[in-house]
Amino acid sequence: MANSFINASLPDTSDRMLFAVPKKGRLYDQCLGLLSSIGIEFNRKPRHDIALVTNMPIALVFLPAADIATYVAKGNIDIGITGLDIIRESQTENDVAELLRLGFGKCKLQVQAPLGQSLVAEDLVGKRIVTSFINLTKQRFAQLEGVDPEKIKTQVRFVSGSVEAACGLGLADGIVDLVESGDTMRAAGLHAIDTILETESVLITNQNPRFPGLAETIKKRVEGILTARQYVLCQYNIDRKSLDNACLITPGRQAPTVTPLEKNGWVAVSVMVEKKLVGDKMDALSDIGATDILVLNIANARA
């Protein structure tokens with residue numbers, strides 16, 4: 001079934017795991033960067049949506065992000081990257097397995113209303129709502145109304161783009177759309193009054209993958225890159241008498257690596273530290289007498 005939608009004129013992918021990535025949009029560039037980081041090599045011909053990976057038995061399939069969850073759920077695609085919002089909107093969360101949350105493409109699906117009106121989401125019950133997320137919007141307003149989604153009195157209408165313009169054009173009393181910084185919404189005279197979902201990119205597979213071992217390899221490679229992006233390697237020298245305090249400051253993911261130095265009573269410590277904490281950690285180590293404190297970037301990692 002996995003290859004049933006592929007045109008016969010395209011490369012043979014029968015013995016390859018099909019890996020779907022967004023063909024354009026907000027996730028595209030970051031997905032390409034991730035593929036490069038995990039060692040996937042390919043050449044994509046212009047206007048071709050399938051590219052054979054040259055160093056692994058994988059075929060990349062470039063699809064609209066909104067379709068990827070459905071293709072994976074139905075078994076047409078083995079593994080893919082899409083947004084959590086797409087999975088929930090396509091109602092495929094029970095038909096796909098979430099392998100990893102990828103930490104990029106983060107945004108919020110929010111209910112937005114015109115500025116200058118002190119509204120809460122309940123104030124829009126029974127009103128006109130415009131969105132490209134019909135299912136999630138109906139589910140949220142069904143919660144507010146206390147009824148099934150099919151029975152809501154709120155008028156939810158679909159538009160495929162420029163959702164933020166709907167209120168200004170008099171087409172809606174509120175909208176539901178994805179928001180990153182909020183600048184676009186403020187420019188359209190809107191502000192958030194409710195958050196339906198916090199979303200990010202997700203690596204998914206179907207419930208019965210054809211290549212479970214290869215999917216696990218991809219998962220481990222991605223985990224390694226995510227770890228490398230989150231941590232740095234901190235190295236320093238410390239008097240052994242202060243080692244316990246130093247280990248409390250830098251416990252590492254499991255435990256620090258401690259090596260005796262030629263200098264009597266001193267040790268060298270090597271430990272992974274979260275990037276966002278490294279400044280505070282260096283200050284604290286210096287305060288207890290650590291010397292030669294170095295911070296090194298990690299290119300890749302494995303648990």
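The accessible surface of the chain in this predicted model comes to about 15,600 Å², and 47% of that area belongs to carbon and sulfur atoms. Of the 303 residues in the chain, 43% are buried. The charged side chains number 33 positive and 35 negative, and the centres of these two sets lie 3 Å apart.

As for the fold, the chain has eight helices and 15 strands. Its radius of gyration is 25 Å, whereas the globule rule gives 19 Å for 303 residues, and because the value found is well over the one expected from the rule, the chain is more spread out than a compact globule. The extent of the C-alpha trace can also be followed along its principal axes, where it spans about 75 × 55 × 35 Å. When contacts in the chain between residues at least 6 apart in sequence are considered, 72% of them join residues that are at least 24 apart.

A residue through which such links can be traced is Leu84, which is found in helix H3, residues 84-89. With a relative accessibility of 3%, Leu84 counts as buried, since the cut-off for that class is under 20% relative accessible area. Leaving aside residues up to four places away in sequence, Leu84 touches Glu98, Arg101, Leu197, Glu198, Thr199, Glu200 and Val202. Leu84 can also be set against Ala255, which is 171 residues away from it in sequence and 33 Å away in space, C-alpha to C-alpha.

The structure holds one aromatic pair, formed by Phe42 and Phe62, whose rings are tilted, with 6.1 Å from centre to centre and 45 degrees between the planes. Phe42 lies in the loop between H1 and E2, while Phe62 belongs to strand E3, residues 58-63, so the pair ties together parts of the chain that are 20 residues apart in sequence. The two partners can also be described by their accessibility: Phe42 is partly exposed, with a relative accessible area of 23%, whereas Phe62, at 1% relative accessibility, counts as buried.

The loop between helix H1 (28-37) and strand E2 (50-52) also holds Arg47, whose backbone deserves a separate look. Most residues other than glycine have a negative phi. Arg47, however, has a positive phi of about 65 degrees although it is not a glycine, and this residue is exposed, with a relative accessible area of 82%. Ser162 likewise is not a glycine and has a positive phi, in this case of about 50 degrees. The place of Ser162 is in the loop between strand E8 (155-158) and strand E9 (174-179), and at 56% relative accessibility Ser162 counts as exposed, given that the exposed class begins over 50%.

Towards the later part of the numbering, Lys276 is found in the loop between strand E14 (266-274) and helix H8 (278-287). Lys276 has a relative accessibility of 68% and counts as exposed. Measuring from Lys276 to Val295 in the model coordinates, C-alpha to C-alpha, gives 13 Å in space for residues that are 19 apart in sequence.

How values were computed:
Residues numbered from 1 in each chain as written. Predicted model: local features only at pLDDT ≥ 70, side-chain atom pairs only at ≥ 80, totals over all residues. Heavy atoms only, no water. Helix = DSSP H or I, 4+ residues; strand = E, 2+ residues; numbered from the N terminus. Rg over C-alpha atoms; globule rule 2.2 N^0.38 Å. Buried < 20%, exposed > 50% of the residue type's maximum accessible area, 1.4 Å probe, protein only. Contact = heavy atoms within 4.5 Å. Areas by Shrake-Rupley, 256 points an atom, 1.4 Å probe, with all protein chains shown as cover. Lys, Arg positive; Asp, Glu negative; His and termini not counted. Charge placed at Lys NZ, Arg CZ, Asp CG, Glu CD. Phe/Tyr/Trp six-rings, centres within 6.5 Å; stacked < 30°, edge-to-face > 60°.
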